[in-house]
Amino acid sequence: MSDSEDDLSLDKQLKLVLVGDAGTGKTSIVRRYCHQEFSRQYFPTAGVDFFLKQATVHGTRDATLQLWDVGGSSLDGKMLDKYIFGAHVVIYVIDVTNASSLDNLSQWIQAVHSSQTKPTLCAVLGNKCDMEHQRVIRSDRQQKFASDHGFFSYVVSARTGENISLFFQKMAAELLGLKLSRAEQEEHQPVVRAEISDAYVTSVPESSAKRAPVIGAKSAVCILQ
């Protein structure tokens with residue numbers, strides 16, 4: 001049994017460490033999960049930031065998630081092994097619109113191995129899945145990379161919140177030896193709101209509009225479930 005498993009059985013304090021290149025959205029992912037907020041402004045993380053979040057599985061099993069948001073520049077620093085030490089989960093974050101973020105994961109994996117930490121779980125987390133039109137890392141490529149290393153593979157969007165809560169809930173459940181029910185999974189899936197451009201609605205020719213009215217043209221927001 002590893003040190004991580006011993007700690008897990010004692011106090012349900014779960015340490016999850018997010019690593020990956022700068023700009024992949026690690027901070028945005030954590031802030032979306034913990035505070036339900038998102039900012040388009042980019043401020044690189046210097047060193048590491050810490051966040052706490054309570055998670056409840058099956059309505060009865062509680063755990064405190066310690067989220068360590070490691071700055072991308074830490075790969076070349078001397079503190080990475082200190083940040084990773086004792087982690088139950090290491091989350092390798094990639095930007096699905098940036099191919100190098102996946103190419104560079106091998107360096108992050110090597111750095112984690114060099115730290116002598118043996119996490120219970122590892123996952124490749126593809127961020128910015130809402131930018132499908134700019135995707136350059138295909139889903140099957142991410143899945144194969146994760147499978148080759150024995151990792152879980154998920155995609156999320158920090159901007160819309162898609163799959164964010166569900167991902168962390170699944171990690172907590174795995175560590176507690178539980179499986180989420182379908183109802184629990186649906187509970188952690190947000191309603192995704194998409195803006196409709198007024199320019200698009202008004203650009204429909206009048207003749208076309210008479211033949212096929214734009215449904216919901218009075219609303220500026222549609223809800224996708």
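Biologist: Which residues does Ile91 touch, leaving out residues up to four places away in sequence?

Modeller: This is a predicted model, so local features need pLDDT of at least 70 and side-chain atom pairs pLDDT 80 or more, while totals for chains, interfaces and linings use all residues. Residues are numbered from 1 along each chain as its sequence is written, and side-chain values use heavy atoms, without hydrogens or water. A contact means heavy atoms within 4.5 Å. With those sequence neighbours set aside, Ile91 touches Leu16, Val17, Leu18, Val19, Ala123, Leu125, Phe167 and Phe168.

Biologist: Which element supplies the largest share of the largest nonpolar core?

Modeller: A nonpolar core is a set of buried Ala, Val, Leu, Ile, Met, Phe, Trp, Tyr and Cys residues joined through side-chain atoms within 4.5 Å. Buried means under 20% relative accessible area, exposed over 50%, partly exposed in between (1.4 Å probe, protein chains only). The largest core has 32 residues, and Ile91, Phe167 and Phe168 are among those that touch the most other members. Its largest share, 8 residues, comes from helix 7.

Biologist: How many residues are in the other core, the one with Trp68 and Trp108?

Modeller: This core lies apart from the largest one. Ala87 and Val124 are also among its members. The number of residues in it is 24.

Biologist: In what order do the 6 strands of the open sheet stand?

Modeller: Helices (H or I, at least four residues) and strands (E, at least two) are DSSP runs, numbered from the N terminus. Two strands pair if DSSP finds at least two bridges between them. Here the pairing is mixed, and the order is 2-3-1-4-5-6.

Biologist: Which strands are at the edges?

Modeller: An edge strand here pairs on one side only. That picks out strand 2 (48-57) and strand 6 (152-155).

Biologist: At what angle does helix 5 run to strand 4?

Modeller: Axes are lines fitted to C-alpha atoms, for helices over the stretch in contact, and angles run from 0 to 180 degrees between N-to-C directions. Helix 5 (residues 105-114) lies across strand 1, strand 4 and strand 5. Its angle to strand 4 (89-95) is about 165°.

Biologist: Is Cys122 buried or exposed, and how many disulfides are there?

Modeller: Cys122 has a relative accessible area of 12%, so it counts as buried. A disulfide is a pair of cysteine sulfur atoms within 2.5 Å. Over the whole structure, the number of disulfides found is 0.
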